[in-house]
Number of protein chains: 2
Amino acid sequence: MNKYIGVLKRTQMFAGVIDDEISSMLSCLGARIKSYKKGEYVLRQGEHLRDIVVLVDGNLHIQKDDYWGNRSILGQIAVGELFGEAYMAPESSALLNDVVAVEDSTVILFDVRRIITTCPSACRFHAMVVQNMFFVISEKNKRLVQKLGHMSKRSTREKLISYLSEEAKKQNNASFTIPFNRQQLADFLSVDRSAMSNELCKMRDDGHLEFDKNQFKLL
Amino acid sequence: MNKYIGVLKRTQMFAGVIDDEISSMLSCLGARIKSYKKGEYVLRQGEHLRDIVVLVDGNLHIQKDDYWGNRSILGQIAVGELFGEAYMAPESSALLNDVVAVEDSTVILFDVRRIITTCPSACRFHAMVVQNMFFVISEKNKRLVQKLGHMSKRSTREKLISYLSEEAKKQNNASFTIPFNRQQLADFLSVDRSAMSNELCKMRDDGHLEFDKNQFKLL
DNA sequence: ACAAATCGGTTGTTTTTACAACAAAAAGGA
DNA sequence: TCCTTTTTGTTGTAAAAACAACCGATTTGT
């Protein structure tokens, strides 16, 4: 687990906490490590979650498949980001989505209750982690609101524009890479892949953007 | 402000805090009170928010209007609920939506920084409010995820089913009232009102539900 | 290197939704 | 109460999206 201290140090959750402190906090917070192969389920819809899941290597998707096999992707977790913040309240622990490793992945799990309850042994930085968590959850909420902003657009084209412009803004560059292939992007925006592909090409022909694979450039 | 202590006491934010303590916390948390007439803007998109807004009377909608006048409703704030939790992180304070009073409303504002920073004078229940806020944000997060669940459905009918069943579940009754009229519900689900109205009537004719105004019953 | 699987784009058809216009019913105000 | 405004349902048409099927290119595994 110690080999990932460098990764943890750079997460928002542990912002301002030094290596030595992280190391001692691992036990204080009941940390455990787990690895998953590409395609494996990290968590399943309906499961009860009592941990905060921090991704230290790989790539996760939060998604849901309906009865007819339609998939919708709620979001993506990149290295350093975490999952499970929505299930910290004691009563609301039944997961609404699956969490799937889209690449070989490694996560570190922290016991939720140990995070929100400041420990008696009072490791110095516990209070800072609590405050960091506030900001992390707050950020997460904002991202969900942004996603709702994309989804509330009526046409496929508008959804694409909404999503791509925000991605450009987030990466602070008109050229940027998205973490999805076409099918995944369609599942993320809840539209049909072929229709979306069509629309992307039209937008390209209209001179609004250029793309190659998952690399885009807004014009 | 003191006339609303009874309301505050029943909010999740102040769960477990007694009247006297709330009263003293009001100044500790830099509380201010504001009232709005029906139709007035409480907050506007792009504004910078440094407060948590608790609704103590009335009804608020969180919404956004685009250039062409299309409105989309992100959510509704009922008495006792709060707004602003997505903007607690110092860098993310630019509002993504308007907040509008859909009835005459009264809110109490709390300085965010005073909430997350435990005060030196250490009012006894401050720590409890901090923990409560964790749960509130977490709940909000869950609600956003649920809304994304509805929005990710491909057809108007499925969106309606998704929303209405959840509402029934939330109110723990097959008969329930929704906080929207038809146009508002359409704006909430991002569909056309007339098409939605049509679909609702078809669903009624198919024997799936009954409704009268904003009172629904699932069969 | 080869076969198999995945991925992205294209096209035609069907289904669904948006849009516009209107009428009946209900609510609100003078 | 009566008039005005708002709300809801209805219908027809136009536009858009979903669906299905296919192909070529790329990637992956052996």
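Visitor: Which helix gives the largest share of the surface near DNA strand C?
Guide: Keep in mind that this is a predicted model. Helix H6 (182–189) and helix H7 (193–205) of chain A are the elements that give two or more residues to that surface. The largest share, five residues, comes from H7(A).

Visitor: Which residues are the closest to DNA strand C?
Guide: There are 16 residues around DNA strand C. By class they split into three nonpolar, nine polar and four charged. Both protein chains show up among the closest, which are A:Arg193, B:Ser155, B:Thr156, B:Asp192 and B:Lys213.

Visitor: How much of what the protein comes within 4 Å of on DNA strand C is sugar and phosphate?
Guide: Take the atoms of DNA strand C that come within 4 Å of the protein. Sugar and phosphate make up 64% of them.

Visitor: Which residue has a polar backbone atom 2.6 Å from a phosphate oxygen of DNA strand C?
Guide: Let's go through some candidates. A:Asn181 uses an N or O atom of its side chain, 3.5 Å from a phosphate oxygen. A:Arg182 does use a backbone N or O atom, but at 2.9 Å. The 2.6 Å distance belongs to B:Thr156.

Visitor: Over to the other strand: which helix gives the most to the surface near DNA strand D?
Guide: Here the elements that give two or more residues are in chain B, namely helix H6 (182–189) and helix H7 (193–205). With five residues, the one that gives the most is H7(B).

Visitor: What are the closest residues to DNA strand D?
Guide: DNA strand D has 16 residues around it, and they divide into three nonpolar, nine polar and four charged. Of the strand D atoms within 4 Å of the protein, 61% belong to sugar and phosphate. The closest residues are A:Ser155, A:Thr156, A:Asp192, B:Arg182 and B:Phe211.

Visitor: Which residue has a side-chain N or O atom 3.3 Å from a phosphate oxygen of DNA strand D?
Guide: Two residues of chain A can be set aside, as they use the backbone: A:Thr156 has a polar backbone atom 2.6 Å from a phosphate oxygen, and A:Asp192 has one at 2.9 Å. The side-chain atom at 3.3 Å is from A:Lys213.

Visitor: Now the protein-protein contact. What area is buried between chain B and chain A?
Guide: The contact takes 38 residues from chain B and 37 residues from chain A. Carbon and sulfur atoms give 67% of the buried area. The total comes to about 3600 Å².

Visitor: Which three residues supply 20% of the area that chain B buries against chain A?
Guide: No other three residues of chain B supply more of that area. They are B:Phe134, B:Leu148 and B:Arg154.

Visitor: Which element gives the largest share of the side of chain B that touches chain A?
Guide: Strand S5 (71–77) and helix H4 (126–151) of chain B each supply at least two residues there. That side of chain B divides into 19 nonpolar, nine polar and 10 charged residues. The largest share, 17 residues, comes from H4(B).

Visitor: How many salt bridges are there between chain B and chain A?
Guide: Polar contacts do cross the interface, with 11 residue pairs found. Over all chains the salt bridge count is 23. Between chain B and chain A, though, the count is zero.

Visitor: Which residue meets A:Lys9 in a salt bridge?
Guide: Side chains of opposite charge can pair when their charged atoms come close. A:Lys9 sits in helix H1 (residues 5–9) of chain A, and its partner is 10 residues apart from it, in helix H2 (residues 19–28). The N to O distance is 3.2 Å, and the partner is A:Asp19.

Visitor: And the aromatics: which residue forms a tilted pair with B:Phe14?
Guide: There are 15 aromatic pairs over all chains. In this one, the rings are 5.6 Å centre to centre with 55 degrees between the planes. B:Phe14 lies in the loop between helix H1 (5–9) and helix H2 (19–28) of chain B, while its partner is 96 residues apart in strand S8 (residues 105–111). That partner is B:Phe110.

Notes
Residues numbered from 1 in each chain as written. Chains lettered and ligands numbered in written order. Predicted model: local features only at pLDDT ≥ 70, side-chain atom pairs only at ≥ 80, totals over all residues. Heavy atoms only, no water. Contact = heavy atoms within 4.5 Å. Buried area = accessible area lost by both parts, 1.4 Å probe. Salt bridge = Lys/Arg side-chain N within 4 Å of Asp/Glu carboxyl O. Polar contact = N/O pair within 3.5 Å; in protein donor to acceptor, adjacent residues only side chain to side chain. Helix = DSSP H or I, 4+ residues; strand = E, 2+ residues; numbered from the N terminus. Nonpolar A, V, L, I, M, F, W, Y, C, P; charged D, E, K, R; others polar. Near = heavy atom within 4 Å. Phe/Tyr/Trp six-rings, centres within 6.5 Å; stacked < 30°, edge-to-face > 60°.
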